[in-house]
Amino acid sequence: MSAKARGRLWWRWRRNPLKRRSDVVEAWVALVAGLVMAVGGTTAGVVTAAAVEQPLLAQRAERHGVPARLLEDAPAATPRADGSRADRVPAKVRWKASDGTVHTGVAQVREGRAAGASTVVWIDARGRLVHEPLTQQEAESRAALTGATAATGVCLVTLAGRRVVRWRLDRGRAAQWERAWAEVEPRWSSRGG
């Protein structure tokens, strides 16, 4: 970085007879905003990612797959609005719990499977049917995306706050210019007498 560019970057921090109080306030607001974005954004991202990932991984530990039999033919998937098709459809299944009791319910299975075909269903600790949990990679990806969104949110709110402060400072500076011009202008124009 050249000396001239460095000088432009730090001009609000140097002694300067033309520097206004609002310039100093703006410099401090920019510094604080930068620190909030760097530290607060990072912290918000990491904390949010951990808060999202932990329950998703715990959910994976609490649920387990058990073999089941289809009690009816699985229907064909209906096309979605975008033209794609879901590969899983609801169908009635029967499974045996770890205590030996037989249960029936509706679970998501691959489309087009015939009655009597074997499949895997997911149950929780109470033996209730639940959705298949996310894989570890999916949980980590979702947590990272949520953390990045939180960090971005902190940065955007901070930038918006800085922008509001700068707007207020600019309004104050414009009012100062108006008052100063109102004093000087009559002496420079023909109205000054």
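Colleague: By the ring-centre rule, to how many aromatic pairs does the count come?
Modeller: This is a predicted model, and in it two rings, those of Trp-181 and Trp-188, have their centres 5.7 Å apart, which is inside the 6.5 Å allowed for a pair. By this rule the count comes to one aromatic pair.

Colleague: What is the geometry of the pair formed by the rings of Trp-181 and Trp-188?
Modeller: The deciding quantity is the angle between the ring planes, for which a value over 60 degrees is required for one class and under 30 degrees for another. The planes of Trp-181 and Trp-188 stand at 85°, so the pair is edge-to-face.

Colleague: Is Trp-188 buried or exposed?
Modeller: Trp-181, with a relative accessible area of 44%, is partly exposed because that value falls between the limits of 20% and 50%. For Trp-188 the relative accessibility is 67%, and because this is over 50% the residue counts as exposed.

Colleague: Where in helix 3 does the kink lie?
Modeller: Helix 3 has 53 residues and spans 75 Å from its first C-alpha to its last, which is close to the 78 Å expected at 1.5 Å a residue. There is nevertheless a kink of about 35° in this helix, placed shortly before the proline Pro-186, and the residue at which it lies is Ala-182.

Colleague: Why does Arg-173 count as buried?
Modeller: Arg-173 lies in helix 3, which runs over residues 136–188, and it is listed there among the buried residues, which include Ala-139, Gly-147 and Leu-169. Leaving aside neighbours within four places in sequence, Arg-173 is in contact with Arg-20, Ser-22, Asp-23, Glu-26 and Arg-166, and helix 2 (21–62) is included in what covers the buried residues of helix 3. The classification itself rests on the accessible area, and Arg-173 counts as buried because its relative accessibility, under the 20% limit, is 7%.

Colleague: Which strands are the edge strands of the open sheet?
Modeller: Five strands form the sheet in the order 3-2-1-4-5, with antiparallel pairing. An edge strand pairs on one side only, and this applies to strand 3 (102–110) and strand 5 (129–130).

Colleague: Which residue in strand 2 is the bridge partner of Leu-70?
Modeller: Strand 1 (residues 64–70) and strand 2 (residues 88–96) pair in the antiparallel sense over three bridges. For Leu-70, the bridge partner in strand 2 is Val-93.

Colleague: Where in the chain is confidence lowest?
Modeller: The chain averages a pLDDT of 86, with 89% of the residues scoring at least 70. Where pLDDT is low, the predicted coordinates should not be read in detail. Confidence is highest in helix 3, at a mean of 93, whereas the lowest mean, 66, belongs to helix 1 (residues 3–9).

Methods:
Residues numbered from 1 in each chain as written. Predicted model: local features only at pLDDT ≥ 70, side-chain atom pairs only at ≥ 80, totals over all residues. Heavy atoms only, no water. Helix = DSSP H or I, 4+ residues; strand = E, 2+ residues; numbered from the N terminus. Buried < 20%, exposed > 50% of the residue type's maximum accessible area, 1.4 Å probe, protein only. Contact = heavy atoms within 4.5 Å. Phe/Tyr/Trp six-rings, centres within 6.5 Å; stacked < 30°, edge-to-face > 60°. Expected span 1.5 Å × (residues − 1). Bend = angle between axes of the 7 residues up to and from the residue. pLDDT = per-residue confidence, 0-100. Pairing = 2+ DSSP bridges.
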